[in-house]
Amino acid sequence: MKKMWVLMLVTVLLLSACSSGGGGKEAASGGGEKAKEITIWAWDKAFNVAALEQAKAIYQKENPDLKINIIENAQDAIIQKLNTGLNSGTSSGLPNVVLIEDYRAQSFLSAYPDAFKDLSSTIKASDFAEYKIGPTSYEGKQYGIPFDSGVAGLYYRTDLLEEAGYKAADLQDITWDDYIKIGEAVKAKTGKELLSLDPNDLGIIRMMIQTAGKWYTAEDGKTPDLNNNPALKEAFETYKKMMDANIVKLHSDWSQFVANANNGAVATIPTGNWFSPSVRQEASQSGKWAVAPMPKMAGQANSVHASNLGGSSWYIMNDVPGADQAADFMAKTFGSDKELYQELLTKIGAIGTYTPAVDGDAYNKPDEFFGGQKIFADFANWTKEIPKVNYGSNTYAIEDILVVEMQAYLNGKSIDDVLNDAQKQAEAQLN
């Protein structure tokens, strides 16, 4: 009798273990019953969240039973929550899909590769702009669905440039040195500064060095590459030339940056295409703006008139129930839907990096605010030319060092000492 009770107990325990969902990853990634809802985290209600709403509406026409929760958070809050959840070793509380800025992606993929779903067979990576594949892949696997392009352009006030004696043709195929000379003429003739910069944000340095296919790190994305980086040295020198020429208006936050464009305080804005909605806020300036290609670096033979600032991509959490449903949603919308990208461009001004979509009518429509220029077609063409670089895991950590050293450089420290000291600090902090 005693042996029989032991046998019965063992049988119950075995049956219990088999039915408890012990195959966590299989169940989480959709190996069992289909999930009935998924959750997505993103920031910026007017841009990323709006894009998700468009994709949701399209997908649910044929998949009405899947509930799609779109949660808006500030980007910093998303990063903090994601780090907290992944560090804890549990997927509890994490979303199915999360938007991650391209500069930050490698830090997550290298630290937690198993946390993200491998999408190599879910999307066709070659259908996206080449420069986006670097930050969205890791060790030969495609983890991200590339989303918006941070392709940059030189926004400029045509009336202010004309007052200083320049026309659209004069802003084609220029170097940063040419750009500074134009700025000096604009300042002399109109009293306006050429551009607006935040001393604590070196986005303009990032744009400059990417035109030459260089970054703050070597090609491995890990080794600091500062004191033997000719593009970075030239970018620092160019930055100082701008300051010395007294053609820069300083700002300390986003609202001031936008205000400097809208109130006519500056004649140009070299930045990412996502700035277009901000320019449009001042309706009275319709027809007075245009966009030229980015200046290139005079001393870098391989520098081109195309660069990037910002941009983000979608990632699917591997261990959150509903991963397969989330992958299906993303693959059939942002991963392959040409019409969706046409709608995103028309309705919210989002330029995607899905290359089969760039030949649509929406891209070739003249924009009256920009004097009839087909700015979306121009941005799409420049996107194809952006040099591919490895942003690595430490873009912002290194930039924190460079911000301090830039101020030292502007105050008289030699450029070689600046970059040598930055190199030493980066190696000490990151290795």
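Two strands count as paired if DSSP finds at least two bridges between them. This rule is applied here to a predicted model.

The strands form an open sheet. Five strands take part, in the order E2-E1-E3-E12-E6. Their pairing is mixed. Strand E2 (67-72) and strand E6 (144-146) stand at the edges. Each has a single partner strand, so one side of each lacks a neighbour in the sheet. From one strand to the next, the twist averages 25°.

Strand E1 (residues 37-42) pairs with E2 and with E3. E1 and E2 run parallel and are joined by six bridges. Within this pair, Trp41 stands opposite Ile71 of E2. The chain leaves E1, passes through helix H3 (residues 45-59) and arrives at E2. This β-α-β crossover is right-handed.

E1 also pairs with strand E3 (residues 97-101), again in the parallel sense. Two bridges hold this pairing. Trp41 has Val98 as its bridge partner in E3. Ile40 has Val97 as its bridge partner in E3. Trp41 thus appears in both pairings: it faces Ile71 in E2 and Val98 in E3.

Helices pack on the sheet. Helix H4 (residues 75-88) touches E1 and E3. The direction of H4 makes about 115° with that of E3. Helix H5 (residues 102-111) touches E3 and strand E12 (312-316). The direction of H5 makes about 120° with that of E3. E3 is therefore touched by H4 and by H5.

A further contact joins two helices. Helix H10 (residues 230-244) packs against helix H17 (residues 415-430). Their axes lie 11 Å apart, at an angle of about 125°. Why is H10 called oblique to H17? Angles of 65 to 115 degrees count as roughly perpendicular, and those over 145 as roughly antiparallel. The angle of about 125° falls between these ranges, so H10 is oblique to H17. The crossing of H10 past H17 is right-handed.

Four residues of H10 take part in the contact: Leu232, Lys233, Phe236 and Glu237. In H17 they meet Ile415, Asp416, Val418 and Leu419. Of the residues in this contact, five are nonpolar and three are charged. None is polar. The charged residues are Lys233 and Glu237 in H10 and Asp416 in H17.

Notes
Residues numbered from 1 in each chain as written. Predicted model: local features only at pLDDT ≥ 70, side-chain atom pairs only at ≥ 80, totals over all residues. Heavy atoms only, no water. Axes fitted to C-alpha atoms, helices over the stretch in contact; angles between N-to-C directions. Parallel < 35°, antiparallel > 145°, perpendicular 65-115°, else oblique. Left-handed = near helix turned anticlockwise from the far one by under 90°. Contact = heavy atoms within 4.5 Å. Right-handed = clockwise from strand over helix to strand, strands pointing away.
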